[in-house]
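These are my notebook entries on one structure. I looked up loops, rings, helices and strands in turn and wrote down what came back.

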Amino acid sequence: MKLDIQSVHFDADQKLVDFIQRKADKLEQYFDGIISGEVILRVENTEDKTNKIVEMKLEIPGNNPFAKKQCKTFEEATDSCVEALRRQIKKTKEKLRTH
């Protein structure tokens, strides 16, 4: 899957980019009609330790599932986003199957 990864006000290292790509590629086993995806990584300036934000948006025919998670690490937030998107994809696939 083609994934556009943007990091706001910092440069994401290659290890993080590869991790996000690997996790997002796993979504294709649930639905092979995913056209592309967009990931935005941000660090929020707060005193809280959970200041890493990951936003993921997928492009699927007829639907564009979106997830935004805030956690202590980008990896943890990516896992949460992928899980939320997986549930949305399964729901979309069920709707397509019933129609």
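**Entry: Phe10**

I looked up Phe10 and found it in the loop between E1 and H1. For element names I use DSSP runs numbered from the N terminus, where a helix is H or I with at least four residues and a strand is E with at least two. This is a predicted model, in which local features need pLDDT of at least 70 and side-chain atom pairs count only at pLDDT 80 or more, while totals for chains, interfaces and linings use all residues. Residues are numbered from 1 along each chain as its sequence is written, and side-chain values use heavy atoms, with hydrogens and water left out.

Is Phe10 buried or exposed? Neither word fits, because its relative accessibility of 22% counts as partly exposed. My cut-offs are under 20% relative accessible area for buried, over 50% for exposed, and partly exposed in between, with a 1.4 Å probe and protein chains only.

I then listed contacts, meaning heavy atoms within 4.5 Å. With residues up to four places away in sequence not counted, Phe10 touches Leu41, Arg42, Val43 and Phe74. I also took one C-alpha to C-alpha distance: Phe10 and Glu76 are 18 Å apart in space and 66 residues apart in sequence.

**Entry: aromatic rings**

A pair of aromatic rings is described by the distance of the centres and the angle of the planes. I paired rings of Phe, Tyr and Trp (its six-membered ring) if their centres lie within 6.5 Å; planes under 30 degrees apart count as stacked, over 60 as edge-to-face, and the rest as tilted. How many aromatic pairs does this rule give? The count comes to one. Phe10 and Phe74 form that pair, which is stacked, at 5.4 Å centre to centre with 15° between the planes. The pair links distant parts of the chain, since Phe10 is in the loop between E1 and H1 and Phe74 is in helix H2, 64 residues apart. Phe74 has 9% relative accessibility and so counts as buried.

**Entry: His9**

I checked the backbone of His9, which lies in the loop between E1 and H1. Its phi is positive, about 65°, although His9 is not a glycine. Most residues other than glycine have a negative phi. His9 is exposed, with a relative accessible area of 82%.

**Entry: helix H2**

I compared the span of H2 with expectation, which is 1.5 Å times one less than the number of residues. For the 25 residues of H2 this should be 36 Å, and the end C-alpha atoms are 36 Å apart, which agrees.

Which residues of H2 are buried? I got Phe74, Ala77, Thr78, Cys81, Val82, Ala84, Leu85, Arg86, Ile89 and Thr92. These buried residues pack against H1, E2, E3 and E4.

I picked two of them for a closer look. Thr78 has a relative accessible area of 0%. Leaving aside neighbours within four places in sequence, Thr78 is in contact with Phe19, Ile20, Lys23, Val54 and Met56.

Arg86 counts as buried at 17% relative accessibility. Outside the residues up to four places away in sequence, Arg86 touches Leu27 and Tyr30. I tested for a charge over a ring (NZ of Lys or CZ of Arg within 6 Å of the ring centre and within 35 degrees of the ring normal). Arg86 lies over the face of Tyr30, at 5.6 Å from the ring centre.

**Entry: the sheet**

I called two strands paired if DSSP finds at least two bridges between them. Four strands form an open sheet with mixed pairing, in the order E1-E2-E3-E4. Strand E1 (2-7) and strand E4 (66-71) stand at the edges with a single partner strand each, so one side of each has no neighbour in the sheet. From one strand to the next the twist averages 15°; axes are lines fitted to C-alpha atoms, for helices over the stretch in contact, and angles run from 0 to 180 degrees between N-to-C directions.

I went through the pairs in order.

- E1 and E2 (residues 36-43) are parallel, with six bridges, and Asp4 stands opposite Glu38 in E2.
- E2 and E3 run antiparallel and are joined by eight bridges; the bridge partner of Leu41 is Val54 in E3.
- E3 and E4 are antiparallel over six bridges, and Glu55 stands opposite Lys68 in E4.

The hairpin of E3 and E4 has six residues between the strands, and Gly62 there takes a positive phi near 85°.

Last, I placed H1 (residues 14-25): the helix lies across E1, E2 and E3 (52-59) and runs at about 140° to E1.
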